[in-house]
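This report describes how parts of one protein chain are packed, and it is meant to be read beside the sequence and the model.

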Amino acid sequence: MAFDADKVTLARRGLLAGGGALGLTGALAACGSGDDAADTGEESTGPWEFTDDQPVTSELDHVPTKLVAYTGMAAALYDFGIEVPAVFGPTTNEDGTATSQAGNLPVGDLEVFGNTYGEFDVEAYAGWGPEVLLTHFYYDPATLWYIPEESKGNITELAEVVALSADDGANTLDAVIGRHAELAESLGADLASDENAANKERYDAAVAALTEAAAANPVTVLACSAAAEVFYASNPAMGNDMRFFTELGVNFVQPDNLDEGGYFESLSWENADKYPADLLFLDSRIQALQPDALTEFPTWTALPAVQEGQVTGWEAEPMYSYGLAAVSIEALAEAIKNAKKLV
């Protein structure tokens, strides 16, 4: 789960209101139901049925191929072998390269209906003729991730909606990936393919390596995120990844003065050393400051973990396929294995 101020607002309220259609419901519905919908040319069999985590059961007389998904979900499905031709959410950086949430998606080939928080081109979406909209939700299934609240009704009436729980306060990364695998399989993925089998094997090995590293070298880990004015000490109970890593034996710092919502404790930079840690698990998303940008912060450079080079990247919004998740788990396992005890 996200741990900067904007992301926590999203998690509490669900979505940023803004963008989208204004009173165009009837026109958009007509636009989406006409003959203008492009044919993907892919074979499709049916019928198709899937029960999501709201829970709502979606049904079509064929397996859909005109899929529109939140970028992170599209990346997970793509890793399982399902091509999602259209997305919304953080897909490309300013230079056109893929964001971390895009995983291995061929971003240059995608229809992108919104690349930033609160942006969704409803008219373009309707004209494209979607069959299924796929996204996540956090805690409240009525608040769909990256679907602007003001235009949600116009968007959701144009296609079947499938929403998977990215966080309900108890589910773990392992379980969330499992649900994405089930969704991918319903859409035609062969989970027993050589590639999927290899990804699952790599994931299982990464989990075993993290378990072993945490037991052999029980260092103290602080999950954190950096902004210009604030250093966030994150609550390990409020992320499906950290709950899973805790189960595997990782010793996370538990902040004792959490902000409203419970996701983190906001610290001034003068107090960035409040929680001693052997290893910093630092939010690696583009909206968070990275180590190169923190060299001018004296309290950052004074942290023992920083001085020892014991900082590793954290995908604060995890990736939900075995292949993509394995990479970040391997990195954490290696960081813990090699960390020195400093506190």
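Helix axes are lines fitted to C-alpha atoms, taken for helices over the stretch in contact, and the angles between them run from 0 to 180 degrees between N-to-C directions. Helices (H or I, at least four residues) and strands (E, at least two) are DSSP runs that are numbered from the N terminus.

This is a predicted model, in which local features need pLDDT of at least 70 and side-chain atom pairs count only at pLDDT 80 or more, while totals for chains, interfaces and linings use all residues. Residues are numbered from 1 along each chain as its sequence is written, and side-chain values use heavy atoms, with hydrogens and water left out.

**The chain as a whole**

The protein chain has 11 helices and 13 strands. Of its 343 residues, 51% are buried, where buried means under 20% relative accessible area, exposed means over 50%, and partly exposed lies in between (1.4 Å probe, protein chains only). Contact here means heavy atoms within 4.5 Å, and among contacts between residues at least 6 apart in sequence, 74% join residues at least 24 apart.

**Two helix pairs**

Helix α7 (residues 194-216) and helix α11 (residues 322-338) have axes that come within 8 Å and cross at roughly 20°. That angle makes α7 roughly parallel to α11, given that angles under 35 degrees count as roughly parallel, over 145 as roughly antiparallel, 65 to 115 as roughly perpendicular and the rest as oblique. The crossing of α7 and α11 is left-handed; a crossing has this hand if the near helix is turned anticlockwise from the far one by less than a right angle, and is right-handed if clockwise. On the α7 side the contact residues include Tyr 203, Ala 206, Val 207, Leu 210 and Ala 213, and on the α11 side they include Ala 326, Ile 329, Leu 332, Ala 333 and Ile 336. By class, the contact of α7 with α11 has 15 nonpolar, 2 polar and 4 charged residues. In this division Ala, Val, Leu, Ile, Met, Phe, Trp, Tyr, Cys and Pro count as nonpolar, Asp, Glu, Lys and Arg as charged, and the others, Gly among them, as polar.

The axes of helix α3 (residues 71-80) and helix α6 (residues 173-186) come within 10 Å and cross at roughly 65°, and this crossing is right-handed. Met 73, Ala 76, Leu 77 and Phe 80 of α3 meet Ile 177, His 180, Ala 181, Leu 183 and Ala 184 of α6, a set that divides into 8 nonpolar residues, 1 polar and no charged. Helix α3 is mostly covered, with 9 of its 10 residues buried, among them Thr 71, Asp 79 and Phe 80.

**Helix α8 and its surroundings**

Helix α8 (residues 240-247) is also mostly covered, since 6 of its 8 residues are buried; these are Asn 240, Asp 241, Met 242, Arg 243, Phe 244 and Phe 245. What is the relative accessible area of Arg 243? Arg 243 has a value of 11% and is therefore buried. The side chain of Arg 243 makes a polar contact with the side chain of Asp 167 (2.6 Å). A polar contact is a pair of N or O atoms within 3.5 Å; within protein, one must be able to donate a hydrogen and the other to accept it, and residues adjacent in sequence count only if both atoms are side-chain atoms. Not counting residues up to four places away in sequence, Arg 243 touches residues including Asp 168, Asn 171, Thr 172 and Pro 236.

Thr 172 lies in the loop between β7 (160-167) and α6, and is buried, with a relative accessible area of 10%. Leaving aside neighbours within four places in sequence, Thr 172 is in contact with Asn 240, Arg 243, Phe 244 and Glu 247. The C-alpha atoms of Thr 172 and Phe 244 are 5.2 Å apart, although 72 residues separate the two along the chain.

**Backbone details**

The peptide bond from Gln 54 to Pro 55 is cis, with omega near -5°, and Pro 55 is placed in the loop between β1 (48-51) and β2 (57-60). Positive phi values are listed below.

| Residue | Phi | Place |
|---|---|---|
| Gly 81 | about 110° | just after α3 |
| Tyr 139 | near 65° | loop between β6 (132-138) and α5 (152-156) |
| Tyr 146 | about 70° | loop between β6 and α5 |
| Gly 249 | about 110° | just after α8 |

Tyr 139 counts as partly exposed at 33% relative accessibility, whereas Tyr 146 is buried, with a relative accessible area of 8%.
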